[in-house]
Every structure is written in structure tokens, then in C-alpha cells.
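Hi everyone, and thanks for coming. I have a few minutes to walk you through a structure that is probably new to most of you, so please settle in and have a look with me.

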Amino acid sequence: MRLLGFALAGDPQRRRLGRRTAEGVHDLTDALGSDLGALIASGADLGGATGPLVDPAEMAPLAPFPRPGKIICVGLNYHDHCREQGIEPPAYPMLFSKFANAVAHPGQVVVRPRATDKLDLECELGVVIGRRAKSIGREAAMQHVFGYTVVNDVTMRDLQREDKQWLRAKGSDGFAPMGPEVVTRDEIADPQRLGLRSSVNGEAWQDSSTSEMVFDVATLLAFASRTITLEPGDLIATGTPAGVGHFQDPPRYLHHGDLMRCEIDGIGAIENLVADEQPRTSDHAAAAGLD
């Protein structure tokens with residue numbers, strides 16, 4: 001099942017829930033409501049839900065989850081990403097978080113804050129939690145997965161270095177573009193065999209596979225649940241592979257007008273333009289709030 005959020009051109013303020021089939025997108029809003037996270041938490045059977053087909057020309061895409069309960073992210077979780085930095089993979093998963101304010105819709109402009117001159121992207125597999133998980137074992141972990149989506153872990157590399165931790169660099173407004181759909185677990189035979197790639201203005205940056213993960217999806221869920229209760233509708237962003245701009249030679253960063261694209265096989269692709277916050281300033285310390 002492929003589920004998505006959208007609005008209609010004639011009613012842009014009303015969020016709707018859709019299901020994509022071979023026929024097109026069916027509007028499930030009247031039957032089920034528009035809050036996918038609440039539906040997952042309720043345990044409702046979404047399999048038989050249907051509704052009228054929607055004209056694609058009338059649809060504006062929205063993130064499948066406008067406000068996930070938790071966004072838990074994983075750092076340094078790809079062997080090739082560790083290799084490009086010349087470092088050893090971590091001994092256990094490195095977790096950090098983003099807030100719900102970081103969620104951006106497919107097609108939404110991502111603002112490059114005045115505080116950064118080194119904006120970067122990271123294509124990641126997002127795992128949507130479907131059942132409450134507390135201290136679960138690895139062997140049971142996948143039963144707690146509802147589905148998968150694409151996440152772009154937008155990052156300010158200069159603030160990541162200056163702050164000595166990653167919250168502001170990665171959790172700022174709009175820094176988690178997500179979508180275009182949530183694909184349920186049954187449609188992805190093996191989440192550790194998915195190609196994922198990113199590009200900027202059509203030029204490839206990342207091109208790898210989830211087989212490069214240091215810790216697979218089941219391990220990440222089991223590890224996180226030891227100390228953090230995972231709830232339905234929570235999101236796990238599972239890390240990014242090699243090819244991000246910061247570790248290219250020479251380093252490359254995102255600028256006003258750049259088009260980011262993140263794509264994962266079997267799920268889809270999201271694109272977001274970058275636009276500068278105005279006015280820009282040459283005084284980086286002042287813009288970053290360091291003066």
C-alpha cells in the first residue's frame with residue numbers, strides 16, 4: 001500500500017489522505033480522515049479503504065506525516081560514508097533527533113539560513129513505526145515497522161562543527177523534507193537491498209545501497225527501544241551513504257536556486273529547491289548568534 005498526503009488546488013488549507021494504486025490516487029479522507037499518524041496509532045485496517053480518484057493536476061503534495069511524534073536520526077551508519085571520511089564505523093548506533101518543525105513537504109522550498117555558508121543534503125531511508133516498541137529484540141523488530149519513506153537530512157556543516165553537537169545544524173526549520181509516500185512494509189521485500197541516490201541540479205552526488213548500512217533497520221529499532229519507547233507514527237531516519245557535498249574534493253555546498261533530489265528504489269523521489277534567507281550577511285558569527 002502506498003499512502004500520501006496532499007491538498008487540492010481549490011482547498012489548499014485542508015490536508016487530505018490518499019492511496020496510490022495503478023488507477024491513480026484515491027482520496028481516503030472522508031472514509032478515514034487525514035491524519036495518517038493517528039490512523040496508525042489506532043490500529044485501523046487501511047487495506048479495504050477506498051475513495052474517489054483525484055485529478056493529478058489538482059493535487060499539491062504534502063509530507064505523509066506533518067508532525068511525527070519523534071524523529072530519531074542515526075549518524076555515521078553507512079560503511080561507504082565512514083570510508084570517505086577516513087574513520088572507523090561506530091561501535092553502536094549514534095542517535096540524535098530532529099523536531100517536527102524540520103518536516104518539509106515534497107516540492108517545498110528549503111530556506112538556507114543566514115547562519116550557514118555550508119548547507120548540505122543527505123538522502124536517507126525513513127522507517128515509520130507502526131506498533132509501540134519498548135525493549136524489543138532484534139528478531140521481533142520488523143513487526144513494529146509500518147512502512148518506509150524518503151527523508152532528506154539537510155545539514156548546516158559549519159554549525160555542525162561549531163556547536164559540537166548536531167541538533168541546530170540538522171533540526172532547523174524545513175531540514176527534513178519527507179515523502180513522497182509511505183510504502184507499507186509488505187511492499188518492500190528487503191529494506192537492506194534498496195538503491196538510494198541524490199542529485200543537485202541533475203548532477204549525481206550520492207549513489208549507493210542500504211546494504212552499506214553499518215546497523216540494519218532491525219538493529220536500529222531494537223537499540224533505540226532499549227531506552228526510548230517507539231510509538232506509532234514515529235520516524236527513524238537511518239543514516240546516509242557516501243557522496244554528500246561536504247566530503248567531496250573539493251567540498252561542495254548548496255546555494256540559492258539549487259534543486260535537491262533524493263530517491264530510493266521502490267519508494268519514490270522528492271525534490272526541493274533551496275532559497276536564501278534574506279538578507280544574507282557576510283558576518284557569519286553574528287548570523288549564527290555567536291557574537
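I'll take you through strand 5 and its partners, then the nonpolar cores, then the pockets, and last a hairpin. One thing to keep in mind from the start is that this is a predicted model.

Let's begin with strand 5, residues 71-75. Is this strand buried or exposed? Mostly covered, as it turns out: five of its five residues are buried. You can check that on both faces. On one side you'll find Ile-71, Cys-73 and Gly-75, on the other Ile-72 and Val-74, and all of these are buried.

Now, who sits beside it? Strand 6, residues 94-98, pairs with strand 5 in the antiparallel sense, over five bridges. Strand 16, residues 235-237, also pairs with strand 5, this time in the parallel sense and over three bridges. If you want one residue to hold on to, pick Ile-72. Its bridge partner in strand 6 is Ser-97, and in strand 16 it stands opposite Ile-236.

Ile-236 brings us to the nonpolar cores. As general background, nonpolar side chains in soluble globular proteins tend to be buried together. Here, the largest nonpolar core has 31 residues, and the ones that touch the most other members are Leu-125, Leu-221, Leu-230, Ile-236, Ile-264 and Ile-267. Which elements give two or more residues to this core? They are strand 5, strand 10 (123-129), strand 11 (145-152), helix 7 (217-225) and strand 17 (259-264). Helix 7 gives the most, with five residues.

Let me zoom in on Leu-230 for a moment. Setting aside neighbours within four places in sequence, Leu-230 is in contact with several residues we have already met, including Ile-72, Leu-221 and Ile-236. Its contacts also include charged company, with Lys-70, Arg-131 and Arg-132 among them. And there is a second, separate core, made of 22 residues, which includes Ile-40, Phe-96, Phe-146 and Met-178.

On to the pockets. The largest one has a volume of about 290 Å³. It is lined by 19 residues, and those closest to its centre are Gln-85, Arg-157, Gln-160, Trp-166 and Phe-247. Strand 5 shows up again here: along with helix 3 (79-85) and helix 5 (157-163), it supplies at least two residues of the lining. The largest share, three residues, comes from helix 5. What is the lining like by class? It has five nonpolar, seven polar and seven charged residues.

The second largest pocket holds about 220 Å³ of space. Of its 15 lining residues, Leu-4, Arg-20, Val-25, Met-59 and Glu-181 are the closest to the centre. Strand 3 (24-27), strand 4 (59-62) and strand 13 (176-184) each supply at least two residues of this lining, and strand 4 gives the largest share, with three. By class, this lining divides into 11 nonpolar, one polar and three charged residues.

Finally, the hairpin. Strand 3, which we just met at the second largest pocket, forms a hairpin with strand 2, with two residues between them. Strand 2 covers residues 11-21, and the two strands pair in the antiparallel sense over four bridges. One of the paired positions is Thr-21, whose bridge partner in strand 3 is Gly-24.

That's my tour, and I'm happy to take questions!

Terms used. Residues are numbered from 1 along each chain as its sequence is written. This is a predicted model: local features need pLDDT of at least 70, side-chain atom pairs count only at pLDDT 80 or more; totals for chains, interfaces and linings use all residues. Side-chain values use heavy atoms; hydrogens and water are left out. On a 1 Å grid over the protein atoms alone, a cavity is a set of points where a 1.4 Å probe fits but cannot get out, and a pocket is an open set with protein on both sides within 12 Å along at least five of seven lines; lining residues have an atom within 4 Å of a point. Grid points are joined across faces, edges and corners, and a volume is the space filled by probe spheres set on the points. Buried means under 20% relative accessible area, exposed over 50%, partly exposed in between (1.4 Å probe, protein chains only). Two strands pair if DSSP finds at least two bridges between them. A nonpolar core is a set of buried Ala, Val, Leu, Ile, Met, Phe, Trp, Tyr and Cys residues joined through side-chain atoms within 4.5 Å. Contact means heavy atoms within 4.5 Å.
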